[in-house]
Amino acid sequence: MINIIDEEKIHGILDKKQNADISEVRDVLNKAKELRGLDLEEIATLLTIESQDLLQELYETALYVKREIYGSRLVLFAPLYISNYCANNCLYCGFRADNKEIERRTLSLDEIKEETIGILEQGHKRVLMLMGENHQACSFDYFLEAIDTVYSVQDSKGSSIRRINIEIAPLTDEEFHKLKDVKIGTYTVFQESYHRETYKKMHPSGKKSDYDFRINTMDRALENGMHDVGIGTLFGLYDYKFEVLAMIEHAKHLDRKFNVGPHTISIPRINPAKNAPASLDIPHKVSDENFKKLVAAIRCSVPYTGMILSTRESVALRNQLFDLGISQISAGSRTNPGGYKQAFGLDHVEDESQFLLNDSRSSGEVIKDVLQHGFIPSFCTACYRLGRVGEDFMDQAKPGLIKLFCQPNGLTTLKEYLVSYADEETIEIGNALIEKELAEIPNEKVRNKAKEYLKRIEEGDRDLYF
Ligand code: SAM
Ligand code: SF4
């Protein structure tokens, strides 16, 4: 087993790069605009920026990179928690085994169907399925059944979930083999902290306390048939600059070894959770200003990797982060098993959330807001369904070609949303954005095909994509 993170090397870079001068920062920003990514020293240079003027230049560069690779679409998804039983004891999490005040539950397959309906009725086509780690209360085989169940559901408009991503505990080789037979999009595991000592402190017991087993998860995944993997850091546990450099080192390791970097990077920050001491007294709290800086620096460093933002962040900050390189967002989320059913007033469910959310708006409100900011709220799932995954996806993403698919697919899936789920005001703003974006599609053939698809969707056709 190789040591993916060389802590001494990272600390050495951070010690060396404490006060980069203006010309050094500008050189790095110019390199970022070439869209080939940055090395660790260059990322460390960006993270030293303190002046408002240079921060502004960093933000503009991040937006440039994002627009060059992804255009103006923001992909939407909803999380679906199926169990909050957990045998681990992560000090920051409300599901930890030592939290005796939380009511535990694993959703039955029928309840999973109801939750899926709740998600579909918000217009979603992608879900991220999650659970705690407790093999007695929720086995891996049950989880596989739950995936099939979610795909099997249709709402009153005839819509189904088209892509399931999963975020569950690290799997063994054998479990990855079983997963190969089920259709999933991205397999995600957050390292939480790349700093070994911090990791040990934060994960005192349970299977998750094994740092090496966790950090090698994506190597096992890619060796055992997974195509798209997602990584992440829980910001607040250790120095954010160390964590950013280490996470990018992890991405570079996967790229070197498998010729495919992570499909996505997630950047959760710790939010308060019941009986979770590290969430109430955060060891290395990251300010909003530093958070914006790290998001922009990541976007410049790995331009072709999707970056996911959850509803942990406030509405105001989320809106600012869209301009700094975020490419996927969750909307209308619930982090307690059964939460959608509760939100739709069908039943009463005790509060069993994993942590508090700062953006509790409905998906409809988020979508309207995204439109008003000039982004295309996209429900696209085309790449995964056409086999544009793993290395093939990267081959399109690296030279900036993926937006040629993202833009028209964003428009056709938005149209589906407007026709079936939106209110009058959203329909009006959405159709205006579609007209504007349509005119900007550079390739005439694609533009004409997109027009044809949009017309067919208005007439009742569905699921048309490039
Ligand atoms: N239980 C699995 C695991 O830990 O890998 C699956 C993912 S867990 C349900 C989802 C993620 O939530 C964790 O990886 C962690 O980063 C994040 N999380 C836990 N407690 C949190 C908190 N208080 N605030 C924000 N994010 C938190
Ligand atoms: Fe369990 Fe995951 Fe929460 Fe840790 S983060 S206590 S493993 S649900």
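This tour goes through the structure selection by selection, from its domains to the place where two of them meet, and then to the ligand and a salt bridge.

Please keep in mind throughout that what you have open is a predicted model.

**The domains.** Begin by colouring three ranges of residues, since the domain assignment gives domain 1 as 7–64, domain 2 as 67–385 and domain 3 as 398–458. If you then look at domain 2 together with domain 3, you will find their C-alpha centres 27 Å apart, and the contact between these two domains takes 32 residues from domain 2 and 22 residues from domain 3.

**Where domain 2 meets domain 3.** Stay with this pair and show the surface, where the two domains bury about 2200 Å² between them, with 64% of that area on carbon and sulfur atoms. Next select Lys 368, Leu 371 and Ile 376, the residues of domain 2 that lose the most area to domain 3, and which together make up 26% of what that side buries.

Keep Lys 368 selected and add Asp 423, because these two residues form a salt bridge in which the closest N and O atoms are 3.3 Å apart. Between domain 2 and domain 3 the count is three salt bridges, while eight residue pairs are in polar contact across the interface.

Now switch to the cartoon view and find α4 (52–70), α16 (363–372), β9 (376–378) and α17 (382–385), which are the elements that give two or more residues to the side of domain 2 that touches domain 3. Of this side, the largest share comes from α16, with five residues. When the side is sorted by class, it has 13 nonpolar, nine polar and ten charged residues.

**Around ligand 1.** Which residues come nearest to ligand 1? Select the 20 residues around ligand 1, and among them pick out Tyr 92, Glu 192, Lys 208, Arg 214 and Asn 271, which come nearest. An oxygen atom of the ligand lies 2.5 Å from an N or O atom in the side chain of Glu 192, and an oxygen atom of the ligand lies 2.8 Å from an N or O atom in the side chain of Arg 214. At Asn 271 you should look at the backbone instead, where a polar atom is 2.8 Å from a nitrogen atom of ligand 1.

**A link between distant parts of the chain.** For the last stop, select Lys 293 and Glu 50, whose side chains meet in a salt bridge at 4.0 Å, N to O. Lys 293 sits in helix α13 (residues 288–301) and Glu 50 in the loop between α3 (40–47) and α4, so that this pair, 243 residues apart, links distant parts of the chain. The full count comes to 32 salt bridges.

Note on methods: Residues numbered from 1 in each chain as written. Chains lettered and ligands numbered in written order. Predicted model: local features only at pLDDT ≥ 70, side-chain atom pairs only at ≥ 80, totals over all residues. Heavy atoms only, no water. Domains from an automatic or database assignment. Contact = heavy atoms within 4.5 Å. Buried area = accessible area lost by both parts, 1.4 Å probe. Polar contact = N/O pair within 3.5 Å; in protein donor to acceptor, adjacent residues only side chain to side chain. Helix = DSSP H or I, 4+ residues; strand = E, 2+ residues; numbered from the N terminus. Nonpolar A, V, L, I, M, F, W, Y, C, P; charged D, E, K, R; others polar. Near = heavy atom within 4 Å.
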